[in-house]
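Please open the structure in the viewer and keep the selection tool at hand. This tour proceeds from the whole chain to individual residues.

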Amino acid sequence: MSTIKVNSIKNTSTDDGGIAIDNSGHVQVDGVQLPTTGALSNRNLIINGEQKVDQRNSGSSVTLSSTAKFVTDRWSAKINGGAATAEQDTTVPSGKGFTKSLKFDVTTADTSLGANDEIFVQTKIEAQNLTQLSHGTSDAQSVTFSFWVKSALTGDYGFYVFKDDAGRAYQTTYSISAANTWEYKTITVPGDTSGAISDDNGVGFEVRWYLGAGSDKAGSSSQNAWGTNAANRHPTGTNIMASTSNDWFITGVQLEVGEKATPFEHRSYGDELARCQRYYYKYAEGASKDIGVGAFYNSTLFAFSVNFPVSMRAAPTFDYVTGTDYYGIFRAGALDPFDAMSATRLHENSAAIDTSTGTSGTQGHGGIAQTSNASAYIAFSAEL
C-alpha cells in the first residue's frame, strides 16, 4: 500500500481553503475542523449549551444563594457572600448563530471571600450518556470542551470537572484577556484510566466554571490531570464578587469526544426542549390551559392524570403554584375552583394527580382540570 504524506492540499490558484492535516493527522476542510472521533451529528454531550431553553424562569432574573439554583434548563449557579443574580440573556457573540446566553451579574460586592466560599456556574451530565468515554479502562477517551465567554473582569478562571462515581476531578484554568469582549475557549480533558463511570441515570460529570473561591477551594496551581484533590477548584485570585461592575456571560458550550473542537452543533429548539424535559417539565403555564381529563372519586376529590412528552430520568417530584383561584374543574357548563392538589403516583412517564382543598362535585362525574390564572402552572422535576 502506498502513502502520500502532505501538510495540505489546495487549488493551484489560491492559498485559501483546501484540506489541512496537522502533525497528529487531524484534518481541517476549508478551515473547519472535522471531528477526531465519532459522527458529525449528535456529537455534543452538553444539553442546552446555547441557553435556548428556560422553562422555569422564562428569562426572569434568579437571585442566587449558597444553594445552587437553576437559571436556564440544565444550568445552575451558586454563590457564597455578597449577592448576585443570573438569567437568560440576549447578549451573544456576533455572527455565530446564537440568540441566548447565561448572564451572571454581581449586585452586592464581597472583596474578602470566606475560606470555604465558592462561586460557580455548572451543568451536570447523566452518567449513562458518558459510558462511551470508557473511563476506568486503558481505552479511556479524551474529550474537548468549547464555549464562548465574556466578562467585565479579565484574568484567569477555574474550570472543573468532577466525576461523581469515582470521586475524581480534573481542574484547569482559562483566561479572559479583554474586558467585555466575547472570546472562544477550548479545553481538552484526557481520558481517565482510573475510576469508571456507572452505566446508570445518576450523575456522570459535574462541570463547573468557577468565578471565585476561598482558600479551601483554591488549591495552589492547575492540576491539569485527573486526581482525587476535589478541593483544588479555582487556583487563581480572580473574584467576580469583588465589584458590582462585574458580570460574566457564557453560550455555545459543547462537549465532544476527541482532541479537537469542531463548530458548534446547533440543534432545533424542539430537539433541545425534549432533551431538557427528561429532567424538568413545566406544563399548562398560563390561564385557561387544560391540565388533564378525570373524574370525581368522591364529592371532594377530583382525580386526573398527566402524561409526560418524554420519559423522565426518574420518578419526578411535583410542583405547582399555590393560592386561591389558580385552578378549576370544567364540568356541567361551569368552572368549579379548587386550590390544592397532590401527586399520588409518580412514574417516569406519567403522574396521577388528586385535588384537595376547595374541590366540590358529584362522585363519578367527569371533567377537565384547568388553570384559571396567568401565573398558574404545574411542573415535574427529575434533576440530577
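The stops below begin with the overall view and then follow one sheet.

**The whole protein.** The model on display is predicted. Display all the C-alpha atoms: they fill a box of roughly 80 × 60 × 45 Å along the principal axes. A cartoon view should show 2 helices and 27 strands. Of the 384 residues, 48% count as buried.

**The sheet.** Next, select the strands β5, β8, β9, β17, β11 and β14. In that order, these 6 strands form an open sheet with antiparallel pairing. Its edges are β5 and β14 (183–189), each of which pairs on one side only. Strands of a sheet pair through backbone hydrogen bonds, either parallel or antiparallel.

**Strand β8.** Select residues 83–89, which make up strand β8. How many of its 7 residues are buried? The count is 6, so β8 is largely enclosed by the rest of the structure; buried here means under 20% relative accessible area.

**The partners of β8.** Select residues 62–63, strand β5, which pairs with β8 in the antiparallel sense over 2 bridges. Here threonine 63 stands opposite threonine 85 of β8. Then select residues 101–108, strand β9, joined to β8 by antiparallel pairing over 7 bridges. In this pair, glutamate 87 stands opposite lysine 103 of β9.

**The edge at β14.** Finally, select residues 143–151, strand β11. Strands β11 and β14 run antiparallel and are joined by 7 bridges. Label phenylalanine 147 and lysine 185 to see a facing pair, with the lysine in β14.

Methods. Residues are numbered from 1 along each chain as its sequence is written. This is a predicted model: local features need pLDDT of at least 70, side-chain atom pairs count only at pLDDT 80 or more; totals for chains, interfaces and linings use all residues. Side-chain values use heavy atoms; hydrogens and water are left out. Buried means under 20% relative accessible area, exposed over 50%, partly exposed in between (1.4 Å probe, protein chains only). Helices (H or I, at least four residues) and strands (E, at least two) are DSSP runs, numbered from the N terminus. Two strands pair if DSSP finds at least two bridges between them.
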